[in-house]
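Let's walk through this structure together, starting with the whole chain and then moving in on its parts. Please keep the sequence and the 3D view side by side as you read.

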Amino acid sequence: MSPKGCYRFGEFVLQPSTRLLHRRGDVVAVPAKVFDCIAYLVEHRDRAVGRDELASAVWGRVDVSDGVLNQTMLAARRALGAGGREQRPIRTVIGFGYHWVDPVDIVEAAPQPSLPPRQPPREATAAATTGPARRIGMFAVLGVAVICVVAWFAWRLHTTPAPGERGERHGVVVLPVATSGEADSAWLRLGLMDLVAERLRTDGATVVPSDTVVALARAFDTSDADDLARLADAAGADVVIASRATREGDGWLVEVRTVHGRASPRTARGHGRDALEAGVAAADAIAAELGLRGSAPAATADLPMRELLQRIQAATLGDRLDEARTLAARATDAQRRDPEFAFRLAKIDAQAGRVDEAARALRALLGRVGAEHDPRLHARILDALGVIALQRGDAAEAEALHGRSIALLRAGGDEGQLGKSYADRASARFALGRDDDALGDVAQARAAFENAGDRLSLVVLDGNLGAIDLQRGRYREALPLLEEAAKRFETMRIHYAALNEWDAAAQAYLMLRETGAAGRIAPTLARLGERVADPRLRFGTGLTRVEILVAMGALRAARTLLDELRATYAREAPAELAGRADAIAARLALASGDDADAQASAEAASSAPASGDDSREQARNGVVLVRTRLLAGQPIDDALQRFAARAAQATRSVPRLYVDLAQAMRAGVARDDAAARAAFEQALAGAEATRVPLDLVEVAMAYGEWLIASGDLARAGAVVEKVAPWAKTDYEASLLQTRLYHAARLAPAWASALERTRSLAGERRIPPELATPP
């Protein structure tokens with residue numbers, strides 16, 4: 001076609017020569033790679049395009065990971081108005097690539113883009129949720145496996161795109177308020193900031209949520225003009241507002257001014273008997289300067305309650321949860337009866353790890369706040385209860401609660417909360433194994449966050465797509481995303497989010513049997529754990545440190561740390577974390593040669609309630625239980641039946657291979673060689689299908705030992721070779737190789753393998769018979 005030609009399909013016109021995509025005359029901002037993928041598929045719409053061909057055409061190479069390509073295609077579908085599950089206009093050709101399937105017409109000219117209005121339409125400017133809600137929903141709900149932020153964010157923080165690459169932005173950033181050394185400066189900085197932001201939002205502006213601004217303000221020098229421009233770009237905003245609060249006689253003066261985004265800076269002042277009254281006046285005055293519609297004057301009678309809420313909000317934004325709780329305790333009886341106050345208090349309890357207390361308060365509040373009288377608050381309560389339900393491992397209940405929240409919010413105005421509820425339901429659906437439905441919710445959340453102007457939540461949402469790699473066992477692909485996100489959150493001093501990301505990275509390295517890499521993360525987990533208040537998170541990441549120590553053979557240190565964690569969190573630990581501690585204790589005892597303790601701990605772990613993402617943990621514990629019972633000559637039928645029943649309920653297929661492994665062990669002890677071999681082969685096939693080194697080494701260790709004991713060294717050699725890539729760095733893989741060389745009387749190979757195994761053993765005891773020359 002001619003260089004000036006364009007493609008028209010549905011509401012869209014694609015103009016490759018100018019690299020523009022229009023929808024009903026307006027330019028749609030899309031990343032460069034997304035645009036290139038759309039253009040290539042449109043230009044080759046007469047046939048299906050292979051994944052390698054598309055990667056070569058767009059990236060200039062074929063070694064583009066599945067995760068990158070999948071996320072790019074998902075972004076392309078979203079840009080074209082399709083959700084994650086829709087197969088139009090781009091259809092996925094399973095096992096091959098993609099095919100453009102919608103009709104396309106060739107036209108000669110693209111429509112002229114319309115100028116964006118200075119004041120966004122009402123439906124695109126609804127208030128976004130601030131405070132701890134998003135941190136709980138977006139950062140914590142997916143636990144150690146699910147939260148990650150793409151490397152794109154780090155790039156956005158340190159680069160400024162060329163003018164032609166910027167998307168349309170109409171957001172406002174309200175920075176923390178400068179004060180003049182007042183005793184109350186801590187709450188004034190963030191409380192007044194949030195008040196001004198809320199007032200501007202009410203006046204019709206799309207205001208970046210306060211918790212997003214707090215995070216960004218830690219990463220940039222707000223006194224530097226270039227840094228302010230980068231902050232605005234990272235937040236997706238075109239205006240940055242700074243404020244100062246000072247005492248003026250018996251009252252207060254709040255001065256508000258634009259410091260970025262206006263050729264002629266605008267300034268407004270507000271006076272009042274207290275700082276809040278002055279802040280409201282200043283916010284309304286700057287709103288008028290910016291051409292926004294005016295809102296109703298604030299009721300003077302509401303100011304004491306507003307001040308209390310803003311003080312609590314300021315403490316929460318600053319991660320000072322104890323201070324927030326102390327402030328709440330000073331509330332009058334009338335203030336305590338206020339539904340908004342009760343909701344804030346419950347969210348503080350949830351963020352601080354007092355989940356049961358928070359759930360009881362939210363349930364009681366749900367009965368007081370009817371959906372017909374205050375649908376927005378009712379929806380927020382439902383969403384918060386859904387987050388808690390998922391934390392407790394009840395993904396089905398979480399999905400239902402989030403669905404009710406979404407149904408209430410669809411009709412009304414609060415795009416930020418709508419996006420959060422969709423994102424939280426996506427988390428529940430991922431936990432249920434319904435990935436396609438979850439991706440559909442991610443697409444809906446994206447649209448809502450776009451409308452709310454919440455750039456950071458959009459970035460975190462993109463990061464959540466990387467969590468699909470973790471859910472599906474693609475640990476290698478997930479690691480760069482996790483580590484980059486962890487570093488970014490540390491830079492921004494969001495310690496709980498950084499701790500989550502580092503914990504997930506450590507778990508990924510353990511799954512890959514890369515103990516050294518996991519060990520390098522352990523000190524970071526300890527350091528960040530000291531800065532986080534949530535006991536659940538501290539206990540969970542502490543258990544990861546125990547797992548790392550066990551994998552390194554530091555058994556005494558592992559036992560000491562596990563005992564300390566249990567003593568510290570015995571009363572606060574939820575049952576599923578206590579079960580995880582028991583499962584780790586069982587493996588620790590087994591590595592220490594204490595079979596009786598291993599059995600007792602495995603029995604305790606097998607009775608713990610299931611949680612959303614621990615199916616592999618439960619399955620591995622089931623194998624330990626069966627193994628220790630077999631060693632003790634005890635019956636195992638009841639344990640194996642419970643094991644199989646629990647595995648059948650799991651949403652992922654991983655536990656099945658461990659059931660096969662346990663059944664193979666039983667058949668081997670019963671000397672039913674045919675049944676044992678068949679079950680071992682089935683378990684091995686399952687482990688190879690997962691492509692997870694941890695699974696493969698677990699199965700190969702048991703099967704290889706049985707084959708060697710049976711005298712089938714030929715098949716044993718083939719099985720041992722499957723774990724050879726890890727023999728240089730993994731103790732169990734090295735030990736298995738040593739066992740094979742000893743049985744095969746390969747003295748030089750045995751000596752080399754034994755030396756390497758000793759270097760990896762730590763405090764683990766190598767069987768004495770393997771130390772005797774063959």
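Of the 774 residues in the protein chain, 56% are buried, where buried means under 20% relative accessible area, exposed over 50%, and partly exposed in between (1.4 Å probe, protein chains only). You are looking at a predicted model, in which local features need pLDDT of at least 70 and side-chain atom pairs count only at pLDDT 80 or more, while totals for chains, interfaces and linings use all residues. Residues are numbered from 1 along each chain as its sequence is written, and side-chain values use heavy atoms, with hydrogens and water left out.

The protein chain contains 35 helices and 14 strands; helices (H or I, at least four residues) and strands (E, at least two) are DSSP runs, numbered from the N terminus. Contacts tell you about the fold too: among those between residues at least 6 apart in sequence, 62% join residues at least 24 apart, a contact being heavy atoms within 4.5 Å. About 31900 Å² of the protein chain is exposed, and carbon and sulfur atoms supply 50% of that area. These accessible areas come from the Shrake-Rupley method with a 1.4 Å probe, and for residues only the protein chains shown count as cover.

Now turn to the beginning of the chain. Strand 1 and strand 2 pair in the antiparallel sense over 3 bridges, with two strands taken as paired if DSSP finds at least two bridges between them. Across this pairing, Y7 stands opposite L14 of strand 2. The two strands form a hairpin with 2 residues between them, and G10 in the turn has a positive phi of about 55°. Strand 2 is also joined to strand 3 (residues 20-23), again running antiparallel, by 4 bridges. Here F12 is opposite R23 in strand 3. The hairpin of strand 2 and strand 3 has 4 residues between the strands, and R19 takes a positive phi near 55°.

Which way do the side chains of strand 2 (residues 12-15) point? F12 and L14 point one way and V13 and Q15 the other way, and all are buried.

F12 leads us on to the aromatic residues. A search of the whole structure finds 6 aromatic pairs; rings of Phe, Tyr and Trp (its six-membered ring) pair if their centres lie within 6.5 Å, and planes under 30 degrees apart count as stacked, over 60 as edge-to-face and the rest as tilted. F9 and F12 form a stacked pair, at 5.9 Å centre to centre with 20° between the planes. Both F9 and F12 are buried. F9 also pairs with W100, this time edge-to-face, at 4.8 Å centre to centre and 70° between the planes. F9 lies in strand 1 (residues 6-9) and W100 in strand 7 (residues 97-100), so the pair ties together parts that are 91 residues apart in sequence. W100 is buried, as is F9. Together, F9, F12 and W100 form one aromatic cluster.

Follow W100 into its own sheet. This is an open sheet of 3 strands in the order 5-7-6, with antiparallel pairing. Strand 5 (49-50) and strand 6 (90-93) stand at the edges with a single partner strand each, so one side of each is left without a neighbour in the sheet. Strand 6 is joined to strand 7 by 4 bridges, and I90 has W100 as its bridge partner in strand 7. The hairpin of strand 6 and strand 7 has 3 residues between the strands, and G95 takes a positive phi near 80°. On the other side, 2 bridges join strand 5 to strand 7, where Y98 is the bridge partner of V49. Helix 1 (residues 32-43) lies across strand 5, strand 6 and strand 7, running at about 65° to strand 7; axes are lines fitted to C-alpha atoms, for helices over the stretch in contact, and angles run from 0 to 180 degrees between N-to-C directions.

What about the cysteines? C6 is buried at a relative accessible area of 0%, and C37 also counts as buried at 0%. With a disulfide taken as a pair of cysteine sulfur atoms within 2.5 Å, the count comes to 0.

Finally, move along the chain to G516, which lies in helix 23 (residues 515-529). Is G516 buried or partly exposed? G516 is partly exposed, with a relative accessible area of 44%. The C-alpha atom of G516 is separated by 9.2 Å from that of D730, 214 residues apart from it along the chain.
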